[in-house]
Amino acid sequence: MHQLLVPLLLLFTIACGDGISTSNEEAFPDVNLDSLEVDKTKTWIHISKSKRVLALMEDTHLLKRYPVVLGFNPTDDKLREGDGCTPEGTFKIRDLYPHRSWSKFIWIDYPNDASWEKHEAAKAGGSIPAESAIGGEVGIHGVPAGSDFLITMKEDWTLGCISLKNDDVDELYKYVQQGTTIVIEK
């Protein structure tokens, strides 16, 4: 029975996978970025909310993928403060700095003009209250010390930020700069 169960579980895992890979090692290969000649003036970040993946790109070349978690409402686009959503769209890195709670903080320029347009349209359409604030302080950061399990367990815990394991955000931090583009898609 056990010999039959293992192949069935493997087949189920492949059939129900996320389209990226059937194992964490394949989905997030251990690439030594320090061994590459990365030009951080050409890097950009692509985040797939549905796949919970952050990809570090250099022009059209994939450098590395990292598992991420999102806001406590990971499905919807951010329209207002407190909705727990991670914003979607194209952003720029506003600033980068060490953070006492989450290792590093890569601050994105949410809200930008497109964010304001969506926010105002949602208020005008009645999908959010007219007195709603848009929010801010959205970024890419690590987890509290000893809490990498939040990423491993795919626990969406932030208020709208993108969270990585601390070693991952420390590595990513070295290959981006102010003005780096970040594309966040559903």
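## Close-up views of a predicted model

**View 1. Ile93, a residue inside strand E4.**
Ile93 sits in strand E4, and this and every other view comes from a predicted model. Is Ile93 buried or exposed? Its relative accessibility is 3%, so Ile93 counts as buried, the cut-off for that word being under 20%. Beyond its neighbours within four places in sequence, Ile93 is in contact with Ile106, Trp107, Val176, Gln177, Gln178, Gly179, Thr180 and Ile182. Look also for Ile108: 15 residues separate Ile93 from Ile108 in sequence, and their C-alpha atoms are 4.5 Å apart in space.

**View 2. The whole chain, to get your bearings.**
Let us step back for a moment. The protein chain holds five helices and eight strands. Starting at the N terminus, its elements follow the order α-α-β-β-β-β-β-α-β-α-β-α-β. Of the 186 residues in the chain, 41% are buried. Among contacts with a separation of 6 or more, 62% are between residues 24 or more positions apart. The accessible surface of the chain is about 10,300 Å², and carbon and sulfur atoms account for 56% of that surface.

**View 3. The open sheet and its two edges.**
In what order do the eight strands lie in the sheet? Reading across, the order is E3-E2-E1-E8-E4-E5-E6-E7, in an open sheet with mixed pairing. The edges belong to E3 and E7 (162-163), and each has a single partner strand, so one side of each has no neighbour in the sheet. At the E7 edge, strand E6 (residues 139-141) pairs with E7 in the parallel sense over two bridges. Here Ile140 has Ile162 in E7 as its bridge partner.

**View 4. Strand E2 and the hairpin it forms with E1.**
Now move to strand E2, which spans residues 53-58. Six of its six residues are buried, so E2 is largely enclosed by the rest of the structure. In a regular strand, side chains alternate between the two faces of the sheet. You can follow this in E2, where Val53, Ala55 and Met57 point one way, while Leu54, Leu56 and Glu58 point the other way. Strand E1 (residues 43-48) pairs with E2 in the antiparallel sense over six bridges, and one pair of bridge partners is His46 with Ala55 in E2. The two strands make a hairpin with four residues between them. In that turn, Arg52 has a positive phi of about 55°.

**View 5. The hairpin of E2 and E3, with Asp59 in the turn.**
On its other pairing, E2 meets strand E3 (residues 61-67), again antiparallel and over six bridges. Met57 stands opposite Leu62 in E3. How many residues lie between E2 and E3 in this hairpin? There are two. Asp59 is found in this loop between E2 and E3, and its phi is positive, about 55°, although Asp59 is not a glycine. Most residues other than glycine have a negative phi. With a relative accessibility of 43%, Asp59 counts as partly exposed, because that label covers values between 20% and 50%.

**View 6. Helix H5 and the strands it meets.**
Helix H5 runs over residues 166-173, and six of its eight residues are buried, so H5 is largely enclosed by the rest of the structure. Which residues of H5 are buried? They are Asn166, Asp168, Val169, Glu171, Leu172 and Tyr173. An α-helix has 3.6 residues a turn, so residues three or four places apart point the same way. The buried residues of H5 pack against E1, E2, E3, strand E4 (89-99), strand E5 (103-108) and E6.

**View 7. A cis peptide bond before Pro111.**
Follow the chain out of E5 to find Pro111, in the loop between E5 and helix H3 (113-125). The bond that joins Tyr110 and Pro111 is a cis peptide bond, with omega about 0°. Most peptide bonds are trans.

**View 8. The second largest pocket and Glu137.**
This last view shows the second largest pocket, with a volume of about 250 Å³. Its lining has 15 residues, and those nearest its centre are Gly136, Glu137, Leu159, Gly160 and Cys161. By type, the lining has six nonpolar, six polar and three charged residues. Glu137 belongs to the loop between H3 and E6, and its phi is near 60°, a positive value in a residue other than glycine.

Technical notes
Residues numbered from 1 in each chain as written. Predicted model: local features only at pLDDT ≥ 70, side-chain atom pairs only at ≥ 80, totals over all residues. Heavy atoms only, no water. 1 Å grid on protein atoms, 1.4 Å probe; cavity = no way out; pocket = protein on both sides within 12 Å on 5 of 7 lines; lining within 4 Å. Points joined across faces, edges and corners; volume = space filled by probe spheres on them. Nonpolar A, V, L, I, M, F, W, Y, C, P; charged D, E, K, R; others polar. Buried < 20%, exposed > 50% of the residue type's maximum accessible area, 1.4 Å probe, protein only. Pairing = 2+ DSSP bridges. Contact = heavy atoms within 4.5 Å. Areas by Shrake-Rupley, 256 points an atom, 1.4 Å probe, with all protein chains shown as cover.
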